[in-house]
Amino acid sequence: MAHEQGKDAQMRLGVCYYPEHWPRDLWDDDARRMADAGITRVRIGEFAWSRLEPQPGQFDWQWLDDAIAVLARHGHGIILGTPTATPPKWLVDRMPDMLACDRGGAARRFGSRRHYCFSHEGYRHECARITMAMAQRYGHNPAIAAWQTDNEYGCHDTVLSYSDAAREAFCIWLAARYGTVAALNAAWGNVFWSMEYASFDEVDLPNLTVTEANPAHWLAFRRFSSDQVLSFDRIQTDILRELSPGRDVVHNAMGFFTDYDHYALGQQLDALGWDSYPLGFLEMFPFSAADKLAYARQGQPDIAAFHHDLYRGCARNGRWWVLEQQPGPVNWARHNPAPLPGMVRLWTLEAMAHGAELTSYFRWRQAPFAQEQMHAGLLRPDSAPAPALAEVAQVSADIARLGPAGQGAARVAIVFAYLSEWVTQTQPQGEGASALWAAFNCYRAARKLGLNVDIIRPGAPLDAYGLVILPCQPIVEDNFARQLQGFTGQIIIGPRSGSKTDEFWIPDNLAPGPLQSVFSGVVTASESLRPGLVHQGQGWDIGLWLDHLDTQAAAELVADDGTAACYRAENIRYLAAWPKPALIAEVMKRAARDAGLDVVRMPKGMRMRQSGNYRFVFNYSTAAQPLPDAISGELVIGDRLVAPGGVAVLAAG
């Protein structure tokens, strides 16, 4: 079987299903009803280890054989998950030291999921064994369309493990990176506070120190922990590619999650998936109280799109999927409202507009038992349709009507590195000064201008773009600085960029370090500002962070008290203040104008995405809104007055 789908194919719909949860006499009817709704892909198996191997070495394949056969009979391609996110109790009892430890050093214990340490060699061996057994049995089964490795790497704070296994592996990793302990001491500046080591074996993990551990130590541990996730995944992907050739191998990443490098993971997978829960993310992450009320049933308008573009940028060849799409109230947020009618359809078409190959809903039937019994599905626990099922059938018809959406070109690139977020988490200096959220604020500002955005890694090609933004990139490689020197479009450099070396030192030439070859100026001091301590400008303010510069560049935006927020020299803008929404909106507007980009000022709560064949407009508002006059084209779906939670699709002109 060749790879089932490419970037230019029509998006498929899928659903997450757990046949082991239900009586067998439901399976056939479930499979039929899925097909009737337009679903063609079914994701199974990722939590089933205790049913697949109830005792060590004693496998029970029959139930899974039967489930796959039933689903295939109704035309479904199977996305089969390896069950390594939920090792069974007998395995934990055999090697209790496989458990991850939290920052306080306590073992995480059995009783839920993700109870393993990525560094434990014994557990890695067991994961290889169960993956090989599954691949040997199902690797050439024609019903298997793709494989998913594990489930949500790092969920529940499990990337950073403080176990003995992690410490031993960390020492080995350090020796490989630095060669000699003298080199490590020099790189970390361990002469400070007499932190010098005589051997790699002396290096402990950076938790449980009396006060702040060396930030270089933390950064090394974060790099190591990310590498452990990647090597853990590679064990499974290598087996699956050997024993089940031609099938896509995927994984499901999460929202606003940065504990490992998703660019690196994406390069070793065929497609990168993510799990989209817009209402849960709105509630759990630092959005304003006003946004949480205004978008309580819709999700803030840029949450899903940001991750679509991020994971497309992380994925090899740009191939990405939504492996879990929220269909109703979730069970894990502080508050769990139901989506506004139409939102499940909107979220699905928005994924299509951004180039998803698959959108899969979590889950088929709401479970009446255990931890997720309050998590909605497409069916209620009594098998009656939940509200989202009709929307899935509707969006299936929409997709069939539209056909392939085509690939949308972007003229704006936001450069984001997971390393940047590790730096700002390790040494925030000011509460909320996060590289991830700086990138999100820049993304919001571009989307409010109706612009397509690519999110790219440092060093990715820049030729296609008219505007490149570095929201907050503390560590800048010399090669990337040279690449920016040759870029003739508009550039926005955000605060803290170039402020650290690769080993977490202040550069000899001060910030922006290597970027001084691009922008002539030196950051002489930086300060973080508490809430309420602001420098007021015209419709914007300087808050949270402020870089003070010695530069000949012109101060382009100046607060009422004379404090400069943004400097400009030729095609470069240096944003000296944190990219708070109003400030970055003003800077983005000016940079887009200078880049000659066609902008459309989008009404509040409305967003647009241009694909190759269509222009999609999404109304995240609770009120009907007309399309802006600047948006033209023949309507294919919807009306020019877009309903709350509605979508209009116009033929691209």
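How many bridges join β9 to strand β11? Three, and the two strands run parallel. Keep in mind as you look around that this is a predicted model.

**View 1. Strand β9 sits between two partners in a seven-strand sheet.** Here's the full order of this open sheet: β10-β9-β11-β12-β19-β18-β17, with mixed pairing. β10 and β17 (554-558) are at the edges with a single partner strand each, so one side of each has no neighbour in the sheet. Going from one strand to the next, the twist averages 20 degrees.

**View 2. Zooming in on the side chains of β9 (residues 412-415).** In a regular strand, side chains alternate between the two faces of the sheet. You can spot that here: Val412 and Ile414 point one way, while Ala413 and Val415 point the other. Whichever way they point, all of them are buried. Now look across to the neighbours. Ile414 stands opposite Ile469 in β11, and Val415 has Ile456 in β10 as its bridge partner. The pairing of β9 with β10 (residues 453-456) is parallel and covers four bridges.

**View 3. One step further along, β11 meets β12.** Strand β11 (residues 467-470) is joined to β12 (residues 490-493) by four bridges, and the two run parallel. To find one of these pairings, look for Leu470, whose bridge partner in β12 is Ile493.

**View 4. A second sheet has four strands, and its pairing is antiparallel.** The order in this open sheet is β20-β21-β25-β23. At the edges you'll find β20 (606-610) and β23 (635-637), each with a single partner strand, so one side of each is left without a neighbour in the sheet. Neighbouring strands are turned by 25 degrees against each other on average, ignoring direction. Take β23 and β25 (residues 647-651) as a sample pair: they are antiparallel over two bridges, and Ile637 stands opposite Val649 in β25. Helix α14 packs on this sheet too, touching β21 (614-619), β23 and β25, and its direction makes about 140 degrees with that of β23.

**View 5. Helix α14 also packs with helix α13.** The two helices, α13 (residues 343-353) and α14 (residues 387-402), meet at an angle of about 35 degrees, and their axes are 8 Å apart. Their crossing is right-handed. On the α13 side, the residues to look for include Met343, Leu349 and Met352, while the α14 side offers Ala388, Val395 and Leu402, among others. Sort the residues of this contact by type and you get eight nonpolar, two polar and three charged.

**View 6. Helix α18 covers residues 581-594.** With 14 residues, α18 reaches 20 Å from its first C-alpha to its last, close to the 20 Å expected at 1.5 Å a residue. Its buried residues are Leu583, Ile584, Glu586, Val587, Met588, Ala591 and Ala592. Following the helix is Gly596, which has a positive phi near 70 degrees.

**View 7. Glu283 lies in helix α10 (residues 278-284).** Is Glu283 buried or exposed? Its relative accessibility is 15%, so Glu283 counts as buried, because the cut-off for buried is under 20%. If you skip its neighbours within four places in sequence, Glu283 is in contact with Lys292, Ala333, Arg334 and His335. For a sense of distance, try Ala438: Glu283 and Ala438 are 155 residues apart in sequence and 19 Å apart in space, C-alpha to C-alpha.

Terms used
Residues are numbered from 1 along each chain as its sequence is written. This is a predicted model: local features need pLDDT of at least 70, side-chain atom pairs count only at pLDDT 80 or more; totals for chains, interfaces and linings use all residues. Side-chain values use heavy atoms; hydrogens and water are left out. The expected span of a helix is 1.5 Å times one less than its number of residues. Buried means under 20% relative accessible area, exposed over 50%, partly exposed in between (1.4 Å probe, protein chains only). Axes are lines fitted to C-alpha atoms, for helices over the stretch in contact, and angles run from 0 to 180 degrees between N-to-C directions. A crossing is left-handed if the near helix is turned anticlockwise from the far one by less than a right angle, and right-handed if clockwise. Contact means heavy atoms within 4.5 Å. Ala, Val, Leu, Ile, Met, Phe, Trp, Tyr, Cys and Pro count as nonpolar, Asp, Glu, Lys and Arg as charged, and the others, Gly among them, as polar. Two strands pair if DSSP finds at least two bridges between them.
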